[in-house]
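Dear colleague,

I am passing on the structure below, and would be glad if you could look through it alongside my notes.

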Amino acid sequence: MEKISCFILFFTNHIQLNCLIWLTCIITFSYSSHAQKLCIIDNIHGLESSKDPKCHATANRLENFMYGTPLDDATRETKVELQKKLILYIWNLATKKSNELKSDTITEDILAEIINPLCDFGSLKTGDFYFVLGENVLTIAKNDLRQYTSVAYSLRAMLSVEQDFLFNPNWNLTPLSYEATSKIKLFVDMATLASLKLSDQYARQENARFLTPSYFKRAWDLIFKKSQQKEFIKSQYPKINATSEAKNDYTTIKQIINQKIASYNNYNEISLPILLRNIQVYFARHRWPSDTEASDKLKSYLIESLVFLSSDIIKRADIYADETSDLYIRANHLNQAANEYLPISINQFEDVTYFPKLEEKLTIESYDLDAFRDSGLHWKILEYALTNLDPQTISELDPFAAEILVETVAQWALIVLRITGNFAIQNGNEVINVSDMEMAFQYIQDLIYKHEKVISEQTNEIDKIASVNSEGTIDEKIFYDKTEEIGIDFYHKSSDWLSRLIRSYVVKENEIEKVIRMAIPPAFGGSGVGAEDINNDGFPDLLLTGGMGNKLYLNDKNGGFKEITETAGINIWYDDIKSYAEIRQCIIVDFNNDGWQDLFFTLVNDTHQLFKNIDGQHFDNVTAQSNFGGKGKVGGPATALDFDNDGLLDIYIGYFGNYINGELPTLDRNNQNGSRNVLFRNKGEFTFEEVSHISDNESDNGWTQALVHLDINQDGYQDLVIGNDFGINAYYINNQDGTFSNRSKDLNTNKPSYTMSIGSADLNKDLLPDLYISNIVVMEKDEKYVSPTGETKMNFDPKKMQNIRTVEANDLFISNKTNNDLPSFSLSQNVGRGYSSTGWSWDADFFDFDNDGDDDLYCLNGMNDFRVYGSENPFYNSPDGSSLNVIYAQSNKEKNVFFVNDGGMLKEQSSIIGGDLNSNSRSAAYFDLENDGDLDIIINNYHDQAVFLKNESKSENNWIAIKLIGSPDDNINLDAIGTSLIVTGSEGFQNWREIHSTTGYLSVHPKEQHFGVGKLKNVDLKIKWSNGKEETFENLDVNNRYEIVYGGNPKIK
């Protein structure tokens, strides 16, 4: 770290570099061909001038997104080494062939007879590609290959080979034609992509979070195992050692810089005013000086500092290159040097968090980094840095190291500008000045030292999962599809009015010129499901919701259901437009404490509906007196809780943006352009009033996709967790005065998310809820945002949406007790992967399917495949009313994933136990159909048939079920929602539950609490009622259902 200290001291005191004209240079360079131009660079320029010149971070992200398992740095280096070996082998043979033909250029025709025998591969009629691997065939989708080849991965490997060739007189390689270069690139990309797909399978099989060099090399070797070119298998890439005879004038890197600047200019066309606007408005977030002299002084200071930084990092990397006797500075040398200068972490969005282990950590979003890189200025800074280096003493960067270096420059530039702006505001300066920037550099240096110290003192975080003693691996099927047998016949569809809206959806591009374009609104949420005893006969009934009408089924107490929807009268029909309402969430609770379960529904673009339960079969619509509103908004999830502990259940309603009014999310990591979520206090007799409840109202306008209530800190008051799509989840802690405060930062849960569901359980047995957040991360590879900001609207382009890439990104937050008023949460890796990716997840929640005493996890999957526009119904209405054929993203459905709690790990066991339903699932409820002691599953699928999975486990484990009845006179709602229960037994057995009205994604489970207790014969029960009073009952016999009234004794039902 001494060298970094010298670097800071040097430029904070006085910099004596004479740095030319600054920003205007970025738009004056063009790509010029000359005699010594490397042909590979010409090919890269052709690729990156017509497509986005992908930066190092974006290129890595796409590679990580291809199949879902990210590569570590060592694997990327191994990949490059293997690519270079393949390229050199092909090039050598092609050179021999061209010499035989007396050709001074390698043409495309020469390559065919060399490449084809290397492995068994080809193309299918579908346009996909295949590799024969012994008895198996590996298929590569044409769209995967199209997207992967849009980045110059293999071209940079070819350029590195050619760079090595320039300084190795023993290599006599014939130049490649442009077409030959493209052919080699395509083959290397295909082989690499196949290796990535195989590596992903290996990693999942071994529950690995990253692709390691061993996985990739194993896959690569398998692809070429049957090669007819036996010499290739034995061949080795020669070591390019540094020698005193080697002449180095930075030829290659200079040409790369020229190409990069030209490509950025051709593709993005960023003007100087746009860059200056971005620096002032988005990077520094404070005014740049308008005075010319002050502005020039500040520009020079910033650029000279970044130039010196770049030079210093190169010098440090050169030391590592010398240690390995390498002629060039490679990616591993540059990575090692760059990491010493600035500690960062990069998430799946490409956002960069600086000093991630410190409280002072700061995150710069990827769109701000993109906006800076779009100018090409980071490459210009590298060009300046080279003028300060002696090519005879400092090695040249290879193409991959150059990409990492300029990425580091961009990261430094953004953090310096952001902190400079902060100091300018703190110092009360109207505009940024040099002293603010000097303070910023010194502050960064201080944080570097502090971060290094924290890492050295850090211990492992607590993220363990408690599992009971296992009887061994599950080897039997547990769940069977018995939908038809039990009499459930429900098919979900979006409402007719919403389907028509989607098909004609446009957004305004330009108000003045009245320009509009087609788009796809994010209207694919599906609907909810609920299980609860509606008619008070002691058996759970079912409610399924959708846009083609709800269905209510009563349990016939004989293993089946009888539909009573028409008798109940709970559907909403619009006679004027001939359409049902678009229903999202259902809630089944006793709102008026009369002993009957009432029904509440959230709607899209209409008033939310409330139905009073009269006698278990008939309902009165009491919406008119309830005051919920909802017209003109996109109603989403909702939950019922007693937030003020007055004995009446209140309602919290979340809104999912407002696409019906043309509002779409932006690129901001924390979208707040949605409709405001609302809390309604129950005043009694089905009358509600909206109350102001959030202490920081600015954080209550997200695109809410899921929400739950639970007591995070166990203080006796229910808190709220708001799961936001396109945003950051809010953790609202109840202040016990009618208001809530967002404490997500204090809880260590404030990460960007595309949240779909929130499940909770006590996995580590600390009597605090742990959380599972189902979440996706999306990469719109084909979408272009030039100089993006947080205010840039997402396009939702119908043609490009079909090619979006998603990766599993679900989060398991394990609670840790602290000495503060709140626990903290740690991200746990104790969730298995297996072959089944959790993909585009929706409802995910916990229950004990085998009654062994620990909670298992069922995660529903279903890609937003827009099947209403797909091959079954291929039309889309353009603004002028004409019909267009548009193919949308289709996934052929996705398998649900089941995790069994075993050995301190949630292990993926989907196919074994029968949980791998191939579906487009959205919501689910777990309930005991026959009151026989095991939990079954009902699933509401999106635009598909609902499915019932019967639990037919042969386990002899025991169980106990507890139904609590509260006392409104004692400020406990009759459903006892918000009350927690702890079951304990011999040998340290413990299981905690809390009664919730809703959970997961649009899902409702029975409020009767089901506990698996393994082989225990009797257990003790502790109840912490929602009013704070506690009761304890000892020696309850297992395999019974108990009813406990507040203040009374347990009674077997």
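What follows covers the nonpolar cores, one enclosed helix and one helix pair.

This is a predicted model, in which local features need pLDDT of at least 70 and side-chain atom pairs count only at pLDDT 80 or more, while totals for chains, interfaces and linings use all residues. Residues are numbered from 1 along each chain as its sequence is written, and side-chain values use heavy atoms, with hydrogens and water left out.

The largest nonpolar core (buried Ala, Val, Leu, Ile, Met, Phe, Trp, Tyr and Cys residues joined through side-chain atoms within 4.5 Å; buried means under 20% relative accessible area with a 1.4 Å probe, protein chains only) has 199 residues, of which Phe224, Leu334, Leu382, Trp412 and Tyr659 touch the most other members. Its largest share, 17 residues, comes from helix H17 (residues 399–426), helices being DSSP runs of H or I of at least four residues, numbered from the N terminus. Leaving aside residues up to four places away in sequence, Leu334 is in contact (heavy atoms within 4.5 Å) with Ile313, Ala317, Ile329, Leu397, Ala401, Ile404 and Leu405. A second, separate core of 40 residues includes Leu964 and Phe1011.

Helix H16 (residues 377–386) has nine of its ten residues buried, so it is largely enclosed by the rest of the structure; among the buried ones are Trp379, Lys380 and Leu382.

Finally, helices H4 (residues 73–100) and H7 (residues 153–166) pack at an angle of about 65 degrees with their axes 9 Å apart, the axes being lines fitted to C-alpha atoms over the stretch in contact, and angles running from 0 to 180 degrees between N-to-C directions. Residues making this contact include Ile87, Leu88 and Trp91 of H4 and Ala157, Met158 and Val161 of H7.

With best wishes

Terms used:
Helices (H or I, at least four residues) and strands (E, at least two) are DSSP runs, numbered from the N terminus. Buried means under 20% relative accessible area, exposed over 50%, partly exposed in between (1.4 Å probe, protein chains only).
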